[in-house]
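Here's a friendly tour for anyone meeting this model for the first time. Have a look at the picture, and then we'll walk through it piece by piece.

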Amino acid sequence: MLELGPLIRDVPDFPKKGILFKDITTLLKNSTAFKQSIDQLTNLVRVHDPQVVIGMESRGFIFAAPIAYKLSVGFVPVRKLGKLPADVVSVEYDLKYGSATLEMHKDALKPGARVLIVDDLLATGGTVAGTIELVKQLKGEIVALAFLIELTALKGREKLSGHDIVTLISY
């Protein structure tokens, strides 16, 4: 097994001064590390028995879609404002360095659907909190939240209390 943390590159002052960006592309280009990260996350979330996996644009798609495939369940994308073609539910949420709007198709979930939310990074928790709100609007049941990376100093986990949280790498 590879140690995944050292495969992630730090990029200072991106996307703006004072932010230390965790660049996962250096992990993704390593086929063994990418496969291992998908396999490990899938094994950790399988016990939650999700019926659908939600991934947020854009890096969340990288992990959510293959996890859904490995679990033999559907994948639902959560997109930025104006990117989905049919009727949507939407929510405005706070980012570490601004705010944005997320959308999901109104017919993406059946009431009571067991939902796993997957993203690449848990920072302040704003993006996933917004996604949780979308799932609630459609009356889905969130069974777990899964992330490749957690930035513990930003305390995003606190915003998500009451949810099972799975992470592979913590900084």
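How far does helix 4 reach from its first C-alpha to its last? This is a predicted model, and in it helix 4 (residues 126-137) reaches 17 Å with its 12 residues, close to the 16 Å expected at 1.5 Å a residue. Plenty of that helix is tucked away: Gly126, Thr127, Val128, Gly130, Thr131, Ile132, Leu134 and Val135 are buried. After helix 4 comes lysine 139, which has a positive phi, near 65°.

Now let's step back to the whole chain. There are five helices and nine strands in the protein chain. Read from the N terminus, the elements go β-β-α-α-β-α-β-β-β-β-α-β-α-β. The radius of gyration is 15 Å and the globule rule gives 16 Å for 171 residues, so the chain is as compact as a globular protein of that length. Along its principal axes, the C-alpha trace spans about 40 × 35 × 30 Å. As for what's hidden, 47% of the 171 residues count as buried. Among contacts with a separation of 6 or more, 59% are between residues 24 or more positions apart.

What about the inside? In soluble globular proteins, nonpolar side chains tend to be buried together. Here the largest nonpolar core has 25 residues, and Val53, Ile67, Leu116 and Val118 touch the most other members. Helix 2 (31-45), helix 3, strand 7 (114-122), strand 8 (141-150) and strand 9 (165-170) each give two or more residues to this core, and helix 3 gives the most, with five. Take valine 53 as an example: leaving aside residues up to four places away in sequence, valine 53 touches Ala64, Ile67, Ala68, Leu71, Val73, Gly74, Phe75, Val76, Leu116 and Val118. There's also a second, separate core of 24 residues, which includes Ile54, Val76, Leu138 and Ile142.

Leucine 145 is another handy landmark. You'll find leucine 145 in strand 8, and it counts as buried because its relative accessibility is 0%. Beyond residues up to four places away in sequence, leucine 145 touches Leu116, Ile117, Val128, Ile132, Leu160, His163, Asp164, Ile165 and Val166. Lysine 80 is another story: the C-alpha atoms of leucine 145 and lysine 80 are separated by 20 Å, with their positions 65 residues apart along the chain.

Next, the rings. The structure holds three aromatic pairs. One of them joins phenylalanine 14 and phenylalanine 21, with ring centres 5.1 Å apart and planes at 85°, so the pair is edge-to-face. Phenylalanine 61 and phenylalanine 75 make an edge-to-face pair too, because their planes are at 90°, with the centres 5.8 Å apart. Phenylalanine 61 belongs to helix 3 (residues 59-71) and phenylalanine 75 to strand 4 (residues 74-80), so this pair ties together parts that are 14 residues apart in sequence.

How buried or exposed are these four phenylalanines? Here they are side by side.

| Residue | Relative accessible area | Status |
|---|---|---|
| Phenylalanine 14 | 42% | partly exposed |
| Phenylalanine 21 | 16% | buried |
| Phenylalanine 61 | 24% | partly exposed |
| Phenylalanine 75 | 31% | partly exposed |

One last ring to look for: the charged end of lysine 22 sits over the ring of tyrosine 171, 3.8 Å from the ring's centre.

Notes. Residues are numbered from 1 along each chain as its sequence is written. This is a predicted model: local features need pLDDT of at least 70, side-chain atom pairs count only at pLDDT 80 or more; totals for chains, interfaces and linings use all residues. Side-chain values use heavy atoms; hydrogens and water are left out. Rings of Phe, Tyr and Trp (its six-membered ring) pair if their centres lie within 6.5 Å; planes under 30 degrees apart count as stacked, over 60 as edge-to-face and the rest as tilted. Buried means under 20% relative accessible area, exposed over 50%, partly exposed in between (1.4 Å probe, protein chains only). Helices (H or I, at least four residues) and strands (E, at least two) are DSSP runs, numbered from the N terminus. A charge sits over a ring if NZ of Lys or CZ of Arg is within 6 Å of the ring centre and within 35 degrees of the ring normal. The expected span of a helix is 1.5 Å times one less than its number of residues. A nonpolar core is a set of buried Ala, Val, Leu, Ile, Met, Phe, Trp, Tyr and Cys residues joined through side-chain atoms within 4.5 Å. Contact means heavy atoms within 4.5 Å. The radius of gyration is taken over C-alpha atoms; the globule rule is 2.2 Å times the number of residues to the power 0.38.
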